[in-house]
Amino acid sequence: MVILVINWQDWQNKYAGGAEVYFYEIFSRLLKRGHSVILLCSRGEGQRRYEVIDGFEIFRIGRRFNFNFYVPFALRAILRKKPVDVIIDDLNKIPFYSPLFTRKKNLAMVMHLFRRTIFKETNIFFAGYVFITERIIPLLYHNSNFIAISESSAEDLKKMGVRKKIYIVYSGIPEIKDNSIIQRKKNLIAYVGRIKRYKSIDHLLKAIATIREEMPVELVVAGDGDARDELVEFSRKLNIKVDFCGMVSEQKKYEIYKSARVVVQPSIKEGWGLTVIEAQSCGTPVVCANSPGLRETLIDGKTGFLYEYGNIAQLAERIKILISDDSLWHKFSDGAKEWAKNFSWEHSAGLMEKILLEETGKIESG
């Protein structure tokens with residue numbers, strides 16, 4: 001099977017995030033199962049227009065801000081030369097609307113939909129553009145089935161008017177073979193992920209300021225993004241010291257998970273909380289906003305806590321409980337490790353393969 005995926009960027013692009021991790025982890029496994037995968041994406045600084053990496057054949061065109069306008073022309077050129085069986089549109093921010101340009105079998109893959117959340121992230125003009133392009137997805141993908149990363153994303157699609165079949169393929173987590181012993185720091189709180197406005201990291205900073213009135217705690221924020229500078233300034237105004245350590249390697253990320261007492265995810269909306277599952281796989285309880293996507297990634301009261309999005313006092317209280325109560329923390333830690341075992345990239349890749357084979361008629365559904 002020859003699979004063509006259209007995505008905003010590849011996993012080596014400096015703007016790569018969860019969508020690119022999801023793409024690489026699943027489709028690299030499909031390569032190992034004998035399938036061919038072509039990636040059409042934008043070209044980042046210093047990247048080549050064409051190359052083969054880890055078995056992926058990559059075509060890069062345009063830049064991040066105009067890539068979607070180049071897609072129709074590049075798509076037709078690739079289809080003239082390659083015997084593609086199925087096209088996957090990764091609908092992340094702005095859709096590519098490939099069904100308008102080819103009758104080739106198409107599936108739409110959805111990490112998450114911004115919907116009105118986009119107005120929290122950017123200016124009203126660009127936000128309005130993204131909002132409108134998402135709204136017309138049901139109209140322009142009316143003959144396409146969908147792949148969603150979570151139940152929350154699937155529900156968003158249904159509410160928006162999608163009536164076609166929606167498959168759900170969750171993220172997995174990598175197998176951790178590092179046996180090094182990392183010292184757990186009882187007062188260390190961590191956030192891991194991109195630093196964007198809609199992630200609401202400012203809520204975590206406010207909670208930390210509240211907690212420090214009662215007990216000494218440390219906060220590390222691992223990741224980067226365009227909201228970093230304003231958060232650094234905000235932490236100064238709150239008079240709290242925060243370790244903004246920037247982008248970190250996979251090894252360093254897992255060292256942070258293993259050393260933290262609690263990981264916090266305060267976002268208003270996610271397609272799926274990959275870092276939440278990763279943290280739990282390390283035995284680290286997580287406190288999450290009760291937001292779409294995130295609420296599916298832990299068991300409230302058993303592997304971590306959910307709190308009402310935006311409720312700073314409740315967020316602070318949940319964190320304090322896990323810092324203060326050693327017995328409860330150990331119970332949650334054990335539960336988190338068991339819960340995380342339910343998610344693997346191998347299982348997700350197998351499910352994706354089955355879906356694509358069924359959709360292309362190479363195996364019967366059932």
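**Exercise 1. Which salt bridge do the side chains of Lys354 and Glu358 form, and how does helix H13 bring the two together?**

Start with the pair itself: Lys354 and Glu358 meet through their side chains in a salt bridge, with 2.6 Å from N to O. Keep in mind as you go that this is a predicted model.

Next, look at the spacing. Both residues sit in helix H13 (residues 345-359), four residues apart, so about one helical turn separates them. That fits the general picture: an α-helix has 3.6 residues a turn, so residues three or four places apart point the same way.

Now check the surroundings. Lys354 is partly exposed, at a relative accessible area of 35%, while Glu358 comes out at 14% and counts as buried, the cut-off being under 20%.

**Exercise 2. Where in the chain are Arg29 and Glu25, and are they buried or exposed?**

Step one is the contact: Arg29 and Glu25 make a salt bridge whose closest N and O atoms are 2.8 Å apart.

Step two is the location. Helix H1 (residues 18-32) holds both, four residues apart, which means about one helical turn lies between them.

Step three is burial. Arg29 has a relative accessible area of 17% and is buried; Glu25, at 18% relative accessibility, is buried as well.

**Exercise 3. Which parts of the chain does the salt bridge between Asp156 and Lys269 link?**

First, confirm the bridge: the Asp156 and Lys269 side chains meet at 2.6 Å, N to O. Then place each end. Asp156 belongs to helix H6 (residues 151-160), and Lys269 lies in the loop between strand E12 (262-265) and helix H10 (274-281); at 113 residues apart, the pair links distant parts of the chain. Finally, Asp156 and Lys269 are both buried. For the overall tally, the model has 22 salt bridges.

**Exercise 4. In which sense does strand E10 pair with E9 and with E11, and how does the chain get from strand to strand?**

Take the E9 side first. Strand E9 (residues 188-192) pairs with E10 in the parallel sense, over five bridges. To find the register, note that Ile189 stands opposite Leu219 in E10. The connection from E9 to E10 runs through helix H7 (residues 201-211), giving a right-handed β-α-β crossover.

Now the other side. E10 and strand E11 (residues 243-246) are also parallel, paired over three bridges. Here Val220 has Asp243 in E11 as its bridge partner. The chain goes from E10 through helix H8 (residues 228-237) to E11, and this β-α-β crossover is right-handed too.

One last step: ask how covered E10 is. Strand E10 (residues 218-222) is mostly covered, with four of its five residues buried.

**Exercise 5. Which residues of helix H12 are buried, and what do they pack against?**

Begin with the geometry. Helix H12 (residues 326-340) has 15 residues and spans 21 Å from its first C-alpha to its last, close to the 21 Å expected at 1.5 Å a residue.

Then list the buried residues: Trp329, Phe332, Ser333, Ala336, Trp339 and Ala340. Because they cover an arc of only 130° around the axis, they lie on the same side of H12.

Turn the helix around, and on the other side Ser327 and Lys331 are exposed.

To finish, find the neighbours: the buried residues of H12 pack against H10, strand E14 (304-307) and helix H11 (312-324).

Technical notes: Residues numbered from 1 in each chain as written. Predicted model: local features only at pLDDT ≥ 70, side-chain atom pairs only at ≥ 80, totals over all residues. Heavy atoms only, no water. Salt bridge = Lys/Arg side-chain N within 4 Å of Asp/Glu carboxyl O. Buried < 20%, exposed > 50% of the residue type's maximum accessible area, 1.4 Å probe, protein only. Pairing = 2+ DSSP bridges. Right-handed = clockwise from strand over helix to strand, strands pointing away. Expected span 1.5 Å × (residues − 1). Arc of directions from axis to C-beta. Contact = heavy atoms within 4.5 Å.
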